Amino acid sequence: MRAIFLVPVLIACSADDPTAGLVSIELQTESLEIGSRQSASFTIMGSYEDGTEVDLSAHAELSSSDEDVLVLGLVESTRGHGIGEGLATVSAMIGEVESNALELAVTIDPVQVGDLVINEVLADDGDIDANGDGETSDESDEFIELVNVSFYTVDLSGVKVRDSNYAEIGPRHVFASPTHLRPGEAIVVFGGGSAESLSAEGAQFVVVSNEDSGLDYGLSLNNSGEYISLVNEDAAVLVNLAYGDDDETGTVETVEDASMNRSPDIVGPDYLDHRLIEGSSTTHSPGTRANGSAFPDLDEWFSQLLPD
C-alpha cells in the first residue's frame with residue numbers, strides 16, 4: 001500500500017486576495033516632519049497568520065485627515081505632498097484591516113529662483129477699476145499677477161517687489177508673513193485701494209504694503225517702461241520683467257488701457273495686449289487666465305507637469 005503524505009501549503013499573500021489570512025498592517029515612513037519641498041513616502045507591511053510579513057503598499061488605500069496640509073496620490077498612491085502648514089494624520093486600509101495612524105508635521109519652505117512667473121501686469125490702467133473697489137485710480141488699480149510654477153507650496157514672506165526707482169523710493173511691496181502659494185496658484189498685488197470684493201478659485205489678492213506715507217506711489221509702474229523684480233531677503237532676484245523703455249531686448253511692448261499678459265497663460269514666451277489674446281473678452285483678468293477660467297487646481301497642475 002502506497003503511503004500518502006499531505007503537505008500543507010501556506011500562502012501568505014494571494015495576489016487575488018491579499019486580505020486572506022491577514023492579521024494586521026503597519027504604516028511606516030522615514031520622517032514625521034517634512035518641508036513643502038519634500039514628500040513623505042509610505043510603506044505598508046502586512047502580518048499574516050503564518051507569521052510572515054509582506055509589503056502590501058500596492059494594495060493599500062491611504063487617507064489624510066487634512067488635505068489642506070498633506071495631499072496623497074498626486075504622483076504616487078503611497079506618496080504625500082505637504083501643501084499647507086500644520087499637522088495631518090495618515091492611515092491605511094486593506095479590506096477591513098486598518099493600520100496604525102501617523103501624525104505628520106508640515107512646514108512651508110521659502111520661495112526659490114524659478115518658482116514664480118510674472119503672468120500679467122497692468123501698468124496703464126486708464127479708467128479700469130481693476131481692484132473692484134468702485135473707484136478708478138492711476139495708482140491703486142495697477143497690479144502684478146504672479147503664479148507659482150513649481151511642484152511645491154512656497155513661502156513669500158519678506159519677498160520685496162522692486163521697480164526701476166528702487167534706490168530712490170524703496171520696495172513697492174513686501175509680502176507679509178506668512179504668505180503661502182500653492183503649486184499653480186496665483187497671487188495678485190494691487191497698487192492700493194481695496195481688493196476685498198474680488199475672489200477667484202486658485203488665486204489670492206493683496207494690496208501693496210510698503211513704507212510710503214499714505215502709499216503715495218503704489219506699485220509705481222511707469223506706463224512708458226519699467227523693470228520689475230522680486231527679490232528675497234538675501235537680495236537674490238527670484239523673477240523679473242522689463243517692458244517698454246526698460247526692455248533692452250525690445251520684445252515686451254507697453255500696452256495702453258489694458259494689461260500685458262503671457263500668451264498662453266503661465267507658460268507663454270510672449271506678453272501681449274490682453275485684448276488680443278485668444279479667448280479674451282476683457283482688458284484684464286487679475287486672478288484668472290486671460291479667457292476668464294480659473295488657474296489649475298492641484299490635480300490639473302500635476303497632470304500637466306508630469307509625464308504620462
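**Exercise 1. Is Ser259 buried or exposed, at what relative accessibility?**

*Solution.* The model is predicted. Begin with the place of the residue: Ser259 lies in the loop between β21 (237-244) and β22 (260-263). Next, take its accessibility. Buried means under 20% relative accessible area. Ser259 has 0% relative accessibility, so Ser259 counts as buried. Finally, consider the surroundings. Leaving aside residues up to four places away in sequence, Ser259 touches Glu120, Val121, Leu122, Leu272, Asp273, His274, Thr283 and His284. With one of these, Glu120, the side chain of Ser259 makes a polar contact of 2.7 Å.

**Exercise 2. State the mean pLDDT of the protein chain, and identify a stretch where the value is below 50.**

*Solution.* The protein chain has a mean pLDDT of 91, and 92% of its residues reach 70 or more. Residues 1-11, however, have a pLDDT below 50. In the model this stretch has one contact beyond near neighbours in sequence. Where pLDDT is low, the predicted coordinates should not be read in detail.

**Exercise 3. Determine which strands pair with β7, and in what sense.**

*Solution.* First, consider strand β3 (residues 39-48). Three bridges join β3 to β7 (residues 79-82), and the two strands run antiparallel. Within this pairing, Ala40 stands opposite Gly80 in β7.

Second, consider strand β6 (residues 70-72). β6 also pairs with β7 over three bridges, in the antiparallel sense. Here Leu72 stands opposite Gly80. Gly80 thus faces Ala40 and Leu72.

Third, examine the connection. β6 and β7 form a hairpin with six residues between them. In the turn, Gly73 has a positive phi of about 85°.

**Exercise 4. Describe the open sheet that contains β14, and explain which strands stand at its edges.**

*Solution.* The sheet has three strands in the order β11-β14-β17, with mixed pairing. β11 (109-110) and β17 (180-181) each have a single partner strand, so one side of each is left without a neighbour in the sheet. These two strands therefore stand at the edges. To look at one pairing, take β11 and β14: the strands run parallel and are joined by two bridges. Asp109 has Val154 in β14 as its bridge partner.

**Exercise 5. Classify the aromatic pairs Phe143-Phe190 and Phe151-Phe302, and locate their members.**

*Solution.* A pair of aromatic rings is described by the distance of the centres and the angle of the planes. The structure holds three aromatic pairs.

For Phe143 and Phe190, the centres are 5.5 Å apart and the planes are at 65°. Planes over 60 degrees apart count as edge-to-face, and this pair is edge-to-face. Phe143 is in strand β13 (residues 143-148) and Phe190 in strand β18 (residues 186-190), 47 residues apart. Phe143 is buried, with a relative accessible area of 0%; Phe190 is likewise buried at 0%.

For Phe151 and Phe302, the values are 5.2 Å centre to centre and 45° between the planes, and the pair is tilted. Phe151 lies in the loop between β13 and β14 (154-155), whereas Phe302 lies in helix α2 (residues 298-305), so the pair ties together parts 151 residues apart in sequence. Phe151 is partly exposed, with a relative accessible area of 30%, while Phe302 is buried at 3%.

As a last step, ring pairs link Phe143, Phe190 and Phe205 into a cluster.

**Exercise 6. Which ring does the charged end of Arg162 sit over?**

*Solution.* The ring belongs to Tyr166, and the charged end of Arg162 is 3.8 Å from the centre of that ring.

Conventions: Residues are numbered from 1 along each chain as its sequence is written. This is a predicted model: local features need pLDDT of at least 70, side-chain atom pairs count only at pLDDT 80 or more; totals for chains, interfaces and linings use all residues. Side-chain values use heavy atoms; hydrogens and water are left out. pLDDT is the predictor's confidence in each residue, from 0 to 100. Contact means heavy atoms within 4.5 Å. Two strands pair if DSSP finds at least two bridges between them. Helices (H or I, at least four residues) and strands (E, at least two) are DSSP runs, numbered from the N terminus. Buried means under 20% relative accessible area, exposed over 50%, partly exposed in between (1.4 Å probe, protein chains only). A polar contact is a pair of N or O atoms within 3.5 Å; within protein, one must be able to donate a hydrogen and the other to accept it, and residues adjacent in sequence count only if both atoms are side-chain atoms. Rings of Phe, Tyr and Trp (its six-membered ring) pair if their centres lie within 6.5 Å; planes under 30 degrees apart count as stacked, over 60 as edge-to-face and the rest as tilted. A charge sits over a ring if NZ of Lys or CZ of Arg is within 6 Å of the ring centre and within 35 degrees of the ring normal.
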